[in-house]
Amino acid sequence: MARKCNKMVAAFLMVCLVATGVLLIPDTAHAKKITSFSQVKKMALKKVKNASILELDTDYEKGTLVYEVKLLQKTKIFDLTYRASDGKLIQYGWEETHLNPNSRKKIISQSKCKKLAKKKVPGASILSIYRKRDDGIDQYKVKMQKGKRKYELDYHARTGKLIEFEWKETLKPKTNNNGYIGVDKARQIALSKVPGATITKVEFDRDDGVPVYEVELFKDMYEYDIEIHAITGQILDFDQDYRDDYDDIDYD
């Protein structure tokens, strides 16, 4: 009888331990958490085969600790960003380092470029597409979105070759009740600085530890980059650049 009671007591204690989470079962929830450069190096080399590491660094993305890796694979430079808390890849991109202007070829149409972009990222919506000239190369820049990911694709405007590609996971900033002004207020401040402009991007980030909102806008022949202090609302940086290709902007 005593032995039976002991078994019942043991069973009861086991149920209590499981229910309260005290039972010492191996914790796999944070098995992929990044705690060292050697760890993220292995992850990056697994993602980009036969590459060599150029740079390793840490930063804060919207208040979240991340590991940034730059790699070289043949003629491509890769940039990868991993979230430290769970090892998730939140940003991936590459660009060709050796390009031929092919100036004798005819520039492909925007509609052709749109088809190429939609084939590359099926199901994504095109936010904007415009033609530019960079380092002597005629290019199309395409901005797209699919779910939580935003994409930027650069195509050689004369060959249709994809020469730069990037996607970035949209993360919610960790405000922790720090009194941030918020995205809507940042938009208002930017538009008060450039009335009538169109906002293309608003992102929360940290610049040397300072919480900021980075706002990108365009109006007529100019594009603007404005950095706003996330707590005070003060404009910390303002850049204006001339766009000689503004007539080519086309929106779906």
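Which residues is Leu80 in contact with, leaving aside its neighbours within four places in sequence? In this predicted model, the residues in question are Ala44, Lys47, Val48, Tyr67, Glu68, Val69, Leu71, Leu89, Gln91 and Tyr92. Leu80 belongs to strand S3, which covers residues 76-83. Its relative accessible area is 1%, and because buried means under 20%, Leu80 is classed as buried. A further relation in space links Leu80 to Trp94: the two are 14 residues apart along the chain, and their C-alpha atoms are separated by 8.7 Å.

The protein as a whole has 252 residues, and buried residues make up 36% of them. Its secondary structure consists of 4 helices and 12 strands. Of the contacts with a separation of 6 or more, 41% are between residues 24 or more positions apart. The average pLDDT of the protein is 85, and 81% of the residues score at least 70. Over residues 13-31, however, the pLDDT is below 50, and this stretch has 5 contacts in the model beyond near neighbours in sequence. Predicted coordinates should not be read in detail where pLDDT is low.

Strand S6 and its two partners are described next. Strand S6 spans residues 137-146, and 8 of its 10 residues are buried, so the strand is largely enclosed by the rest of the structure. On one side of the pairing, strand S5 (residues 125-134) runs antiparallel to S6 and is joined to it by 9 bridges. Within this pair, Ser128 has Lys143 of S6 as its bridge partner, and Asp134 stands opposite Ile137. S5 and S6 form a hairpin with 2 residues between the strands. One residue of the loop between S5 and S6 is Asp135, whose phi is near 55 degrees, a positive value in a residue other than glycine. Asp135 has a relative accessibility of 76% and counts as exposed, whereas strand S6 has 8 buried residues out of 10.

The other pairing of S6 is with strand S7 (residues 149-156), which is also antiparallel and extends over 8 bridges. Here Gln145 stands opposite Lys150 of S7. S6 and S7 again form a hairpin with 2 residues between them, and Gly147 in its turn has a positive phi of about 65 degrees.

Two further loop residues can be set beside Asp135. Lys74 lies in the loop between strand S2 (64-73) and S3. Its phi is near 55 degrees, which is a positive value in a residue other than glycine. With a relative accessible area of 77%, Lys74 is exposed. Asp220 is found in the loop between strand S10 (210-219) and strand S11 (222-229). This residue counts as exposed at 54% relative accessibility, because the cut-off for exposed is over 50%. Asp220 and Thr198 are 22 residues apart in sequence, and the distance from C-alpha to C-alpha is 9.5 Å.

The structure was also searched for spaces between its atoms. The largest pocket holds about 840 Å³ of space. It is lined by 41 residues, and those nearest its centre are Glu61, Gln91, Lys168, Lys201 and Glu203. In terms of residue type, the lining of the largest pocket divides into 19 charged, 16 nonpolar and 6 polar residues. Strand S9 (residues 198-207) gives the most to this lining, with 8 residues.

The search of the whole structure finds 1 cavity of 30 Å³ or more. About 40 Å³ of space lies in the largest cavity. Its lining is made up of Glu61, Lys62, Ile90, Gln91, Lys168, Glu169 and Leu171. Strand S4 (89-96) and strand S8 (162-169) are the elements that give two or more residues to the lining of this cavity. By type, the lining residues of the largest cavity comprise 4 charged, 2 nonpolar and 1 polar. Glu61, Gln91 and Lys168 appear both in the lining of the largest cavity and among the residues nearest the centre of the largest pocket. Gln91 is also one of the contacts of Leu80.

Methods:
Residues numbered from 1 in each chain as written. Predicted model: local features only at pLDDT ≥ 70, side-chain atom pairs only at ≥ 80, totals over all residues. Heavy atoms only, no water. 1 Å grid on protein atoms, 1.4 Å probe; cavity = no way out; pocket = protein on both sides within 12 Å on 5 of 7 lines; lining within 4 Å. Points joined across faces, edges and corners; volume = space filled by probe spheres on them. Nonpolar A, V, L, I, M, F, W, Y, C, P; charged D, E, K, R; others polar. Buried < 20%, exposed > 50% of the residue type's maximum accessible area, 1.4 Å probe, protein only. Pairing = 2+ DSSP bridges. pLDDT = per-residue confidence, 0-100. Contact = heavy atoms within 4.5 Å.
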